[in-house]
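Please open the model in the viewer and set the display to cartoon, with side chains available on demand. The tour proceeds by selection, and each stop states what is to be found there.

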Amino acid sequence: MVTITISGADKSGALARISAFFVRKGYPLKGQQLMESASGAKLVKISLDITQVDKARLAAEIKSLSPDFRIVSVEGAQSGSAPSIKEIAAQFPDVAPLVQAYGESLGADTRDEELAEAGKKIGAFQYEKEWSFGSPLKMPVALRRTLVPALEALGEVDATDTELTLPDSPFCGTGKIPCCEFLTGFMQGFLDAGPLTQNTRVQKTACRAKGDSRCAFKFSYDL
Ligand SMILES: [Zn+2]
């Protein structure tokens, strides 16, 4: 849990504006409170169910909401920086908490893109490391014999020749910032690294973070 204190909240509606900002940016808001400092200035305290936060980026985002708002303190954030892509890759398949911390350290506007980019790199790395031996496979055989087993290390996977679903993706926990785009990127990077699967496009079609019952991905390819 991270608690952020913001000053400059003297105008009425500041608490609602700041709370709405965090919700809009996809942060899991756990509490909000209007307080008074010793000098009588109004402060807003926001609690978020995250462990990492990019303070500089958040400070800029808050300021863009109103030049009066200023971050006074951030408490409870894990010390140290978010894990690097290299560190995440080294921990595969036990990557869910690291990906979560990495995702939380990113700004809301670019989070999905950056998670997908990280996933692509790690997917390509995994393919090269574990699945690139022997004759290259085409879709859909490559899906069944390489991508599905690679993903099964992360959790339960159901797949057909054109669709893959995860009933319980470790990157889409309830009440957390969704980091599911990591998986889209992972699959795309993995398939791009295979000589005969490079023409395959991966698209997310359902996500628990959007209220669906599972996360689902569609594969488009020419035979
Ligand atoms: Zn998802």
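Select strand β6 (residues 163-166) together with strand β8 (residues 215-220): in this predicted model, the two strands pair in the antiparallel sense over four bridges. To locate the register, display L164, which stands opposite F217 in β8.

Keep β6 on screen and add strand β5 (residues 158-159). The pairing of β5 with β6 is also antiparallel, and it runs over two bridges. Here the residue to display is D158, whose opposite number in β6 is T165. Following the backbone from β5 to β6, one passes through a hairpin of three residues. β6 therefore serves as a shared selection for this stop: β5 pairs with it over two bridges, and β8 pairs with it over four.Move next to the N-terminal part of the chain and select strand β1 (residues 2-7). Is β1 mostly covered or mostly open? It is mostly covered, with five of its six residues buried. Two strands pair with β1. Strand β3 (residues 42-48) does so in the antiparallel sense over six bridges, and strand β4 (residues 70-75) does so in the antiparallel sense over five bridges. T5 is a convenient residue to display at this point, since it can be followed to both partners: T5 stands opposite K45 in β3 and opposite S73 in β4. When inspecting the side chains along a strand, recall that in a regular strand they alternate between the two faces of the sheet.

With β1 and β4 still displayed, add helix α2 (residues 55-65) and pick out I62, which belongs to that helix. Which residues does I62 touch, leaving aside those up to four places away in sequence? They are I6, F21, F22, F69, R70 and I71. I62 is buried, with a relative accessible area of 0%. A distance label between the C-alpha atoms of I62 and I6 should read 8.7 Å, although the two residues are 56 apart along the chain.

Extend the selection from I62 to the buried residues of α2, namely L58, E61, I62 and L65. Viewed down the helix axis, these residues fall within an arc of 100°, so they line one face of α2. The general geometry is helpful here: an α-helix has 3.6 residues a turn, so residues three or four places apart point the same way. Then colour the elements that cover these buried residues, which include β1, α1 (14-24) and β4. Rotating to the face of α2 turned away from its buried side brings the exposed residues A56 and S64 into view.

Finally, clear the selection and return to the whole chain. The protein chain contains seven helices and eight strands, and its C-alpha trace spans about 70 × 30 × 25 Å along the principal axes. Of its 223 residues, 43% count as buried. Among contacts between residues at least 6 apart in sequence, 62% join residues at least 24 apart.

Switch to a surface representation for the last view. The protein chain exposes about 11100 Å², of which carbon and sulfur atoms supply 51%. If the surface is coloured by charge, the relevant side chains are 26 positive and 27 negative, and the centres of the two sets lie 4 Å apart.

Terms used. Residues numbered from 1 in each chain as written. Predicted model: local features only at pLDDT ≥ 70, side-chain atom pairs only at ≥ 80, totals over all residues. Heavy atoms only, no water. Buried < 20%, exposed > 50% of the residue type's maximum accessible area, 1.4 Å probe, protein only. Pairing = 2+ DSSP bridges. Contact = heavy atoms within 4.5 Å. Areas by Shrake-Rupley, 256 points an atom, 1.4 Å probe, with all protein chains shown as cover. Lys, Arg positive; Asp, Glu negative; His and termini not counted. Charge placed at Lys NZ, Arg CZ, Asp CG, Glu CD. Arc of directions from axis to C-beta.
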